[in-house]
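Trainee: I should like to learn how to read the overall form and the surface of a protein chain. May we work through an example together?

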Amino acid sequence: MAFNSRLALALFAAFALMSIDVGLAARHLLQSTGQPSIPNLPKPNLPPLPTIPSLPQPNLPPLPSLPTVPTIPKVALPPLPTVTSIPNLPTIPTIPNIPSIPFLSPPPSTTSP
């Protein structure tokens with residue numbers, strides 16, 4: 001398993017170093033020579049686009065009117081009762097304090113390190 005990871009690491013390092021050399025060579029070529037000129041290509045002669053015939057406008061009948069919806073009578077609600085005082089909520093009991101356990105150090109070892 002260790003051989004595979006070492007081989008993968010060696011291949012990764014080799015490819016990384018090769019890409020640096022290729023990048024430097026490409027930059028050197030771009031800086032040493034002028035940019036290549038792109039030749040002028042002939043423009044193609046395209047036929048004219050066909051015209052789209054106009055379509056006749058259809059005569060549509062008018063839309064029928066919607067029937068009227070009867071109005072719903074307003075409902076009168078009785079007044080809300082008034083609250084004179086809010087009842088007291090029950091209190092949550094408190095948790096008693098738990099006594100802490102004193103920290104005892106381990107006994108000294110009999111052997112020296």
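**Reading an extended chain**

Mentor: We begin with the secondary structure. The chain of this predicted model has one helix and zero strands. The helix is H1, covering residues 2-32.

Trainee: What radius of gyration does the chain have, and how is that value to be read?

Mentor: The general idea is to set the value beside that of a compact globule with an equal number of residues. For 113 residues, such a globule would have a radius of gyration near 13 Å, whereas this chain has 46 Å. The box filled by the C-alpha atoms, taken along the principal axes, is roughly 100 × 95 × 30 Å.

Trainee: How far apart in space are Ala76 and Val22?

Mentor: One reads such a pair by giving both the separation in sequence and the distance between C-alpha atoms. Ala76 and Val22 are 54 residues apart in sequence, and their C-alpha atoms are 86 Å apart. For Pro79 and Pro64, 15 residues apart along the chain, the C-alpha separation is 45 Å.

Trainee: Is Pro79 buried or exposed?

Mentor: The relative accessible area decides the class: under 20% is buried and over 50% is exposed. Pro79, in the segment after H1, has 76% and is therefore exposed. Ala76 also lies in the segment after H1, and Ala76 counts as exposed because its relative accessibility is 71%.

Trainee: Which class does Leu11 belong to?

Mentor: Leu11 is located in helix H1. Its relative accessibility is 43%, so Leu11 counts as partly exposed, since that class lies between the two cut-offs. Across the chain, 0% of the 113 residues count as buried.

Trainee: Which residues make the nonpolar surface patch?

Mentor: Leu7, Leu11, Phe15 and Met18 make this patch, with an area of about 400 Å². As for the surface as a whole, the chain exposes about 13,200 Å², of which carbon and sulfur atoms supply 71%.

How values were computed
Residues are numbered from 1 along each chain as its sequence is written. This is a predicted model: local features need pLDDT of at least 70, side-chain atom pairs count only at pLDDT 80 or more; totals for chains, interfaces and linings use all residues. Side-chain values use heavy atoms; hydrogens and water are left out. Helices (H or I, at least four residues) and strands (E, at least two) are DSSP runs, numbered from the N terminus. Buried means under 20% relative accessible area, exposed over 50%, partly exposed in between (1.4 Å probe, protein chains only). The radius of gyration is taken over C-alpha atoms; the globule rule is 2.2 Å times the number of residues to the power 0.38. Accessible areas come from the Shrake-Rupley method with a 1.4 Å probe; for residues, only the protein chains shown count as cover. Patches are made of residues with over 30% relative accessible area and no salt bridge: like charges are joined within 9 Å, nonpolar side chains (Val, Leu, Ile, Met, Phe, Trp, Tyr) within 5 Å. A salt bridge is a side-chain nitrogen of Lys or Arg within 4 Å of a carboxyl oxygen of Asp or Glu.
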